[in-house]
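Open the structure in your viewer and keep the selection tool ready. This tour moves from one selection to the next.

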Amino acid sequence: MKKILFLVVCLFLSFSYAQISVKDSLSGGEYNLDVNSAIDSLITKEAKANCWKAASSSSVQPEETVDICAKNPKVRGYRIQIRYTKDRNTANQVIREFNASFPDLPSEMVYTRPDYRVLVGEYFSKRSGAMDMAKIKRKYPGAFFVQWAVWCRKAK
């Protein structure tokens, strides 16, 4: 008897699917999900109990865009190192030459005792900086990516 009841419940749960529409809180896009209605009701019940109370008590509306960079102004990303030298004047000269050739990319000299690094660009990933790297490599063939804390609002 228990086996038959279990089989009936499984069949009922397997055929009761529903399609729900979900809105992404970051991008604002929508997507549809085909879910089991029993599981959907459990998730909805749990979400109402834990999540929606906090959201309804705050003044933040769900449709507002979230500014990720507001909480984390600097994030782990990548910069392109074009020169590494012990001479400050050489580093300054490289920055001047770079700024003349690539005025749209930010450049910076970073001193880490006893050396100077010339770093350019700010990227979230190596992939997002690949086009700039290809251009930079033509003039600075020894350029390479280094993992660095980058400004979230400036990074590509």
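The stops below cover paired strands, a helix, a nonpolar core and one single residue.

**Stop 1: the strands.** Keep in mind that this is a predicted model. Select strand β3, residues 74-85. Now add strand β6, residues 144-151. β3 and β6 pair in the antiparallel sense, over eight bridges. For one of these pairings, pick Arg 76: its bridge partner in β6 is Ala 149.

Next, add strand β5, residues 115-123. Six bridges join β5 to β3, and these two strands also run antiparallel. Zoom in on Thr 85, which stands opposite Tyr 116 in β5.

**Stop 2: helix α6.** Select residues 130-139, which form helix α6. Color Asp 132, Met 133 and Ile 136: these residues are buried. Where do the buried residues of α6 fall when seen down its axis? They fall within an arc of 100°, so they line one face of the helix. Turn to the other side of α6 and you find Met 131 and Arg 138, both exposed.

What covers the buried residues of α6? The cover includes β3, β5 and β6, along with helix α5, residues 88-101. Show these elements together with α6 before moving on.

**Stop 3: the nonpolar core.** In soluble globular proteins, nonpolar side chains tend to be buried together. Here, the largest nonpolar core has 18 residues. Select Ile 80, Ile 82, Phe 98, Ile 136, Tyr 140 and Ala 143, the residues with the most contacts inside this core. Which elements each supply at least two residues of the core? They are β3, α5, β5 and α6.

Center the view on Ile 82. Leaving aside residues up to four places away in sequence, Ile 82 touches Val 94 and Phe 98. Under the same limit, Ile 82 also touches Val 118, Val 120, Ile 136, Tyr 140 and Ala 143. Ile 136, one of the buried residues of α6, is thus a good link back to the previous stop.

**Stop 4: Asn 99.** Go back to helix α5 and select Asn 99, which lies in it. Is Asn 99 buried or partly exposed? Its relative accessible area is 32%, so Asn 99 is partly exposed.

Look at its neighbors. Not counting residues up to four places away in sequence, Asn 99 touches Leu 105 and Ser 107. With Ser 107 there is a polar contact, side chain to side chain, at 2.8 Å. Finally, select Val 120, which is 21 residues from Asn 99 along the chain. The C-alpha atoms of Asn 99 and Val 120 are separated by 9.6 Å.

Terms used
Residues are numbered from 1 along each chain as its sequence is written. This is a predicted model: local features need pLDDT of at least 70, side-chain atom pairs count only at pLDDT 80 or more; totals for chains, interfaces and linings use all residues. Side-chain values use heavy atoms; hydrogens and water are left out. Two strands pair if DSSP finds at least two bridges between them. Helices (H or I, at least four residues) and strands (E, at least two) are DSSP runs, numbered from the N terminus. Buried means under 20% relative accessible area, exposed over 50%, partly exposed in between (1.4 Å probe, protein chains only). The arc is that of the directions from the helix axis to the C-beta atoms. Contact means heavy atoms within 4.5 Å. A nonpolar core is a set of buried Ala, Val, Leu, Ile, Met, Phe, Trp, Tyr and Cys residues joined through side-chain atoms within 4.5 Å. A polar contact is a pair of N or O atoms within 3.5 Å; within protein, one must be able to donate a hydrogen and the other to accept it, and residues adjacent in sequence count only if both atoms are side-chain atoms.
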